Amino acid sequence: MNNFEFCNPVKVVFGKGSIARLSALIPEGSKVLMVYGGGSIKKNGIYGQVTKALEGFEVTEFPGIEANPHYETCMKAVEVVKEKKIDFLLAVGGGSVIDATKFIAVSVGFEGDPWDILSKGGEIKSALPLGTVLTLAATGSEMNERSVISRVSTREKLNFASPLVFPKFSVLDPEVTYSLPARQVANGVVDSFIHVVEQYLTYPVNAKVQDAFSEGLMRVIHEEGLKVLDNPNDYDIRANLMWAATNALNVWIGQGVPQDWSSHRMGYSLTAQFGLDHAQTLAILLPGVMTYMFKEKQAKLARMGEVVFGIADGTEEEKARKTIAACEDFFSRMGLKTRLGECGITEKDLDTLAAPVDKQGWKLGEHHNIDSRVAREIMALRL
Ligand code: NZQ
Ligand code: ZN
């Protein structure tokens, strides 16, 4: 196991009716900016629950955060924060609203163009405090220090991380996910499953605690994920998926182990240039990474197959091959596509799709050996 320093300061309030706890979680006297998305919270009762819980606070609303949140929209929110002298941000939504809120939090006090935080690793010295009410189980953003933002004008999607944007608290009521469309439920299952895979599926470093946690999470997400579309109002399924998704990316299972975020990073351009949902990009690319890096990942692929998919027969290599097929089958059963061609992407698009890997100077994968040439070859496997 590799050395690590670990701290996750996020307070989680989990369960039915927990939105009512907001008034006790936000510091008294705060001037709150309530950040939310395109209006789903007004149709499913979440807006009413939140505004009731915020009675007594001075609240300004900032709706209209897009899926794959736009830098341009965040900058408008920064103006509102300054004008209204906001001192606490409350995100009510999925990963997009939470990520936007994190970016707003660090942009307010940033000297210079906040896009530099994403494109040049601009140093973050301050952030407004924020809390979240999660409405979609997927990204883990509610309990981590990451954020992913898109710039419409340049068709770029980039991320940043800072301990200053760990939420002060996150409210997780599984019942609020009943209203999600099937596509978003499936996206959440696939995204959270692949978060675990990208921290697990590298090479063994004898990190037994992290491996056992990861294997447990993958099993739960696989089992419950296959049930949830037919049982959308089953509280236990929703609760297990929500808590699993949070744990899949709350910086816990990735401590002391090599990680491989190549599917995520390569996927950014599929979203920025072709508008594919985040999870959809991963369902296509992950089997490509597994196939291209087969030798490097064979030992853990085989073990993953045994523990997660019950693959008992064959040599290590055969089990590893079956695991890749089982992953593709899982993503298909969730309703996601697994080939670029199914999304209208062809060979002629690959150069542009792979280009950001070099532009950002990324060397992806646990061995840092995926540059834009290799990224293109991986994408070519998925046409
Ligand atoms: O905008 P509204 O109207 O609220 O509708 C949203 C949105 O259209 C809807 N929705 C959310 N909760 C709902 C609901 N509809 C009905 N009932 C509810 N309870 O769902 C749609 C998708 O929401 P979004 O927030 O975009 O989805 P998700 O949570 O999957 O977030 C995706 C974003 O997170 C980033 C992705 O790149 C993408 O931009 N990620 C963030 C990460 C992080 N911060 O750690 C890691 C992830 O790997 C990921 O990259
Ligand atoms: Zn993801």
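These legends describe close-up views of a predicted model.

**View 1. The annotated domain, residues 9-174.**
An unreviewed UniProt entry lists residues 9-174 as "domain: Alcohol dehydrogenase iron-type/glycerol dehydrogenase GldA". Helix makes up 29% of this span, and strand 25%. The C-alpha atoms at its two ends are 22 Å apart.

**View 2. The shell around ligand 1.**
Ligand 1 is surrounded by 35 residues. Gly37, Gly38, Gly94, Gly95 and Ser141 are the closest. Four elements each give two or more residues to this shell: α2 (40-43), α5 (95-107), β6 (146-151) and α7 (182-200). By type, 23 residues of the shell are polar, nine are nonpolar and three are charged.

**View 3. Helix α5, residues 95-107.**
This helix also contributes to the shell around ligand 1. Helix α5 has 13 residues. From first C-alpha to last, α5 reaches 18 Å, close to the 18 Å expected at 1.5 Å a residue. Because 13 of the 13 residues of α5 are buried, the helix is largely enclosed by the rest of the structure.

**View 4. Gly93 in strand β4.**
Strand β4 covers residues 88-93, and Gly93 lies in it. Gly93 counts as buried because it has 27 C-beta neighbours inside 10 Å, and 20 or more are needed. Beyond its neighbours within four places in sequence, Gly93 is in contact with Tyr36, Gly37, Ile65, Ile98 and Thr135. One of these, Gly37, is also among the residues closest to ligand 1. Thr132 is 39 residues from Gly93 along the chain, yet their C-alpha atoms are separated by 7.8 Å.

**View 5. Leu90 and the largest nonpolar core.**
The largest nonpolar core has 115 residues. Val35, Leu89, Leu90, Val92 and Val190 touch the most other members. Setting aside residues up to four places away in sequence, Leu90 touches Ile26, Val32, Leu33, Met34, Val35 and Gly131.

**View 6. Asn68 and Lys85, two residues with positive phi.**
Asn68 is not a glycine, yet its phi is positive, at about 55°. Lys85, also a residue other than glycine, has a positive phi near 55°. Asn68 is found in the loop between β3 (58-62) and α4 (71-84). Lys85 lies in the loop between α4 and β4. Which of the two is buried, and which exposed? Asn68 has 21 C-beta neighbours inside 10 Å, so it counts as buried. Lys85 has 9 inside 10 Å, so it counts as exposed.

Definitions and conventions. Residues are numbered from 1 along each chain as its sequence is written. Chains are lettered from A and ligands numbered from 1 in the order in which they are written. This is a predicted model: local features need pLDDT of at least 70, side-chain atom pairs count only at pLDDT 80 or more; totals for chains, interfaces and linings use all residues. A nonpolar core is a set of buried Ala, Val, Leu, Ile, Met, Phe, Trp, Tyr and Cys residues joined through C-beta atoms within 7 Å. A residue is buried if 20 or more other C-beta atoms lie within 10 Å of its own, exposed if 12 or fewer, and partly exposed in between; C-beta atoms are placed from the backbone. Two residues are in contact if their C-beta atoms, placed from the backbone, lie within 7 Å. UniProt positions are given in the numbering used here, feature names are shortened, and annotations may be inferred rather than shown by experiment. A residue is near a molecule or strand if its C-beta atom, placed from the backbone, lies within 6 Å of it. Ala, Val, Leu, Ile, Met, Phe, Trp, Tyr, Cys and Pro count as nonpolar, Asp, Glu, Lys and Arg as charged, and the others, Gly among them, as polar. The expected span of a helix is 1.5 Å times one less than its number of residues.
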